[in-house]
Amino acid sequence: MALAVVGLVGCATTKPSIDRMETVDLRRFMGDWYVIGNIPTLPERDAYNAVESYSLDGDGRIRTRFRYREGAFDGPLRTMNPIGTVVPGSGNAVWGMQFIWPIKAEYVIVDVDPAYSLTIIGRSARDYAWIMARDPSIPDQRYDAAVARLQALGYDVSKLRRVPQRWPER
């Protein structure tokens with residue numbers, strides 16, 4: 001799910017104009033999320049085995065590591081390490097994701113299931129989106145439901161890309 005710097009300048013301190021979760025249990029949200037599908041940013045357009053990992057710092061910042069293989073399952077490993085900060089008053093559902101100081105990109109948790117096993121991340125601009133899960137694959141009906149949710153949020157779902165996942169890596 002990495003948010004690319006180019007084209008993602010958005011104010012992460014204002015109320016998003018996209019539906020979001022009322023509250024997110026930040027500690028439960030931390031950990032690894034496999035990118036199952038996305039409307040990709042430029043670096044993600046040819047990503048394989050994409051995984052977004054979050055850890056909470058003692059100061060409340062969210063350390064992020066986005067890793068993927070470029071172009072193929074055995075392609076070069078690429079990583080990005082933005083820092084997330086929760087927007088106050090957002091119930092932990094809206095973050096500013098910083099790749100380059102001082103720019104923060106909007107990151108909105110629009111949905112997370114009760115088990116914290118599937119999430120949908122969006123943006124008010126409806127330009128990029130991510131469907132992520134704790135496992136590298138999900139049943140088609142869960143994926144289709146996530147796609148329907150994005151469509152209901154106003155996304156052009158014809159731009160969605162199913163991210164190839166094959167684990168363990170060889």
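Visitor: How many of the residues of strand E2 (residues 47–56) are buried?

Guide: This is a predicted model. In it, 8 of the 10 residues of E2 are buried, and the strand is mostly covered.

Visitor: Which strands does E2 join, and in what sense do they run?

Guide: Look on each side of the strand for its bridges. E1 and E2 run antiparallel and are joined by 4 bridges. E2 also pairs in the antiparallel sense with strand E3 (residues 62–70), over 8 bridges. To place the register, take one pair from each: Tyr34 stands opposite Val51 in E2, and Leu56 stands opposite Ile62 in E3.

Visitor: What is found between the strands in the hairpin of E2 and E3?

Guide: There are 5 residues between the two strands, and Gly60 takes a positive phi near 90 degrees in this hairpin.

Visitor: How is the burial of a strand such as E9 to be read, face by face?

Guide: In a regular strand the side chains alternate between the two faces of the sheet. Each face can then be checked in turn. In E9, Ala129, Ile131 and Ala133 lie on one side, with Trp130 and Met132 on the other, and all are buried, so both faces are covered. Counted as a whole, strand E9 (residues 129–133) has 5 of its 5 residues buried and is therefore largely enclosed by the rest of the structure.

Visitor: Which strands pair with E9?

Guide: Strand E1 (residues 31–39) pairs with E9 in the antiparallel sense over 5 bridges. Strand E8 (residues 118–122) runs antiparallel to E9 as well, with 4 bridges joining them. In the pairing with E1, Tyr34 stands opposite Ala133; in the pairing with E8, Ile120 has Ile131 as its bridge partner. Tyr34 is thus a residue to inspect twice, since Val51 in E2 also stands opposite Tyr34.

Visitor: What should be looked at in the loop between E8 and E9?

Guide: Two arginines. The hairpin has 6 residues between its strands, and both Arg123 and Arg126 are found in this loop.

Visitor: Is Arg123 buried or exposed, and what does its side chain reach?

Guide: Arg123 counts as buried because its relative accessibility is 3%, and buried means under 20%. For a buried polar side chain, the next step is to look for a partner. Here the side chain of Arg123 reaches the backbone oxygen of Glu106 at 3.4 Å.

Visitor: What is to be noted about the phi of Arg126?

Guide: Arg126 is not a glycine, yet its phi is positive, at about 55 degrees. With a relative accessible area of 26%, Arg126 is partly exposed.

Visitor: Where else does a residue other than glycine have a positive phi?

Guide: Asn92 is one such residue, with phi near 70 degrees. Asn92 is placed in the loop between strand E5 (83–86) and strand E6 (94–100). Its relative accessible area is 25%, so Asn92 is partly exposed.

Visitor: Which residues have the most contacts inside the largest nonpolar core?

Guide: They are Phe29, Tyr54, Trp95, Tyr107, Ile109 and Met132, in a core of 26 residues. The elements giving two or more residues to this core are helix H1 (26–29), E1, E2, E3, E6, strand E7 (103–112) and E9. Another core lies apart from this one; it has 22 residues, including Ala129, Val147, Leu153 and Leu160.

Visitor: What surrounds Gln165, in the segment after E10?

Guide: Begin with accessibility, then list the neighbours. Gln165 is buried, with a relative accessible area of 17%. Leaving aside residues up to four places away in sequence, Gln165 touches Tyr34, Val35, Asn49, Ala50, Phe73 and Pro136. A polar atom of the Gln165 side chain lies 2.9 Å from the backbone oxygen of Val35. The side chains of Gln165 and Trp167 are joined by a polar contact of 2.6 Å.

Visitor: What kind of peptide bond joins Trp167 and Pro168?

Guide: Omega is the angle to read. Here omega is about 0 degrees, and the bond between Trp167 and Pro168 is cis. Pro168 is found in the segment after strand E10 (161–162), and Gln165 is placed in the segment after E10 too.

Definitions and conventions: Residues are numbered from 1 along each chain as its sequence is written. This is a predicted model: local features need pLDDT of at least 70, side-chain atom pairs count only at pLDDT 80 or more; totals for chains, interfaces and linings use all residues. Side-chain values use heavy atoms; hydrogens and water are left out. Buried means under 20% relative accessible area, exposed over 50%, partly exposed in between (1.4 Å probe, protein chains only). Two strands pair if DSSP finds at least two bridges between them. A polar contact is a pair of N or O atoms within 3.5 Å; within protein, one must be able to donate a hydrogen and the other to accept it, and residues adjacent in sequence count only if both atoms are side-chain atoms. A nonpolar core is a set of buried Ala, Val, Leu, Ile, Met, Phe, Trp, Tyr and Cys residues joined through side-chain atoms within 4.5 Å. Contact means heavy atoms within 4.5 Å.
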